Amino acid sequence: MGAGRFLPWRRGRSGSAVEHTRPEVRRHVVSLAVEPGAVPRAREVAAARLAQVGVEPRSAFADAVLLVVSELVTNVVRHAHDSPVAEVGITVGSGQLVVSVDDADPRLPDLSSRGMGAGLRTVSELAAEYDGELSVEPTIAHKGKVMLVRFRIPA
């Protein structure tokens, strides 16, 4: 190799620039009244959205996502008494699917293995099955919280 000679960073490839584009992110959010009918309505909306983004309707993955939606909305109905509305979101992009459930209750649940109830434990296990995770954070728009469940979409 002589002085001043440039070698591309990969052999066999040109040294030309590659244009990078951001992956498409699709997000759908629905506001639901916090009442007993919220759970089946949330499942219905989520199932329709999953079909729109290419998730096979009766697959194990779709079933896991719908169970997560059910558990999180059930928790809002049971525990977030000051929350008149829950916002349920499905976001898809970069090979991931994120379920979000936002309510007006500022109390953050204990996500430690000893602090979680059966419902959140199920949610956490389902997320882990698909290389994902369960998390919670305070909302920006109001004094509530948002539960987030990330999944890697199976190939």
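# Two pockets and a set of paired strands

In this predicted model, the residues lining the second largest pocket divide into seven nonpolar, three polar and five charged. That pocket is one of two described below, along with the strands around it and a residue in a helix. To get your bearings, the protein chain has three helices and five strands, and from the N terminus on these elements run β-α-α-β-β-α-β-β.

**The second largest pocket**

- How much space lies in the second largest pocket? The volume comes to about 190 Å³.
- A total of 15 residues line this pocket, and those nearest its centre are Arg27, Ser100, Glu137, Val146 and Leu148.
- Five strands each give two or more residues to this lining: S1 (26-33), S2 (85-93), S3 (96-103), S4 (133-138) and S5.

**The largest pocket**

- The largest pocket of the model has a volume of about 320 Å³.
- Its lining is made up of 19 residues, and Asn75, His79, Pro109, Leu120 and Lys145 are the closest to the centre.
- Two helices and a strand give two or more residues each to this lining, namely H2 (60-79), H3 (118-129) and S5 (145-152).
- Which element gives the most to the lining of the largest pocket? Helix H2 does, with four residues.
- By residue type, the lining of the largest pocket holds nine nonpolar, five polar and five charged residues.

**The chain as a whole**

- The protein chain has 155 residues, and 38% of them count as buried.
- Among contacts with a separation of 6 or more, 63% are between residues 24 or more positions apart.
- About 9,900 Å² of the protein chain is exposed, and carbon and sulfur atoms supply 51% of that area.

**How the strands pair**

- Start with S1 and S2, which pair in the antiparallel sense over eight bridges. Here you can find Arg26 with its bridge partner in S2, Val92.
- Next come S2 and S3, an antiparallel pair with seven bridges. In this pair, Thr91 stands opposite Val98 of S3.
- S2 and S3 also form a hairpin, with two residues between the strands. Ser94, in the turn, has a positive phi of about 55°.
- S3 is joined to S5 as well, by eight bridges, and the two strands run antiparallel. Leu97 has Phe151 of S5 as its bridge partner.
- S4 and S5 run antiparallel too, with six bridges joining them. They form a hairpin with six residues between the strands.
- Two bridge positions help you follow the pairing with S5: Glu137 is partnered by Val146, and Pro138 stands opposite Lys145. Both Glu137 and Val146 are among the residues nearest the centre of the second largest pocket, while Lys145 is one of the residues closest to the centre of the largest pocket.
- A handy point for tracing the strands is that side chains in a regular strand alternate between the two faces of the sheet.

**Which strands are covered**

- Why is S2 largely enclosed by the rest of the structure? Seven of its nine residues are buried, so the strand has that surrounding.
- S5 is mostly covered, with six of its eight residues buried. This strand gives residues to the lining of the largest pocket and to that of the second largest pocket.

**A closer look at Val76**

- Where does Val76 lie? You will find Val76 in helix H2, the element that gives the most residues to the lining of the largest pocket.
- Is Val76 buried or exposed? Its relative accessibility is 3%, and a residue under 20% counts as buried, so Val76 is buried.
- Leaving out residues up to four places away in sequence, Val76 touches Val34, Ala86, Val101 and Asp103. Ala86 falls within strand S2 (85-93), while Val101 and Asp103 fall within strand S3 (96-103).
- Val76 and Ala38 are 38 residues apart along the chain, and 9.4 Å separates their C-alpha atoms.

Notes
Residues numbered from 1 in each chain as written. Predicted model: local features only at pLDDT ≥ 70, side-chain atom pairs only at ≥ 80, totals over all residues. Heavy atoms only, no water. 1 Å grid on protein atoms, 1.4 Å probe; cavity = no way out; pocket = protein on both sides within 12 Å on 5 of 7 lines; lining within 4 Å. Points joined across faces, edges and corners; volume = space filled by probe spheres on them. Nonpolar A, V, L, I, M, F, W, Y, C, P; charged D, E, K, R; others polar. Buried < 20%, exposed > 50% of the residue type's maximum accessible area, 1.4 Å probe, protein only. Contact = heavy atoms within 4.5 Å. Areas by Shrake-Rupley, 256 points an atom, 1.4 Å probe, with all protein chains shown as cover. Pairing = 2+ DSSP bridges.
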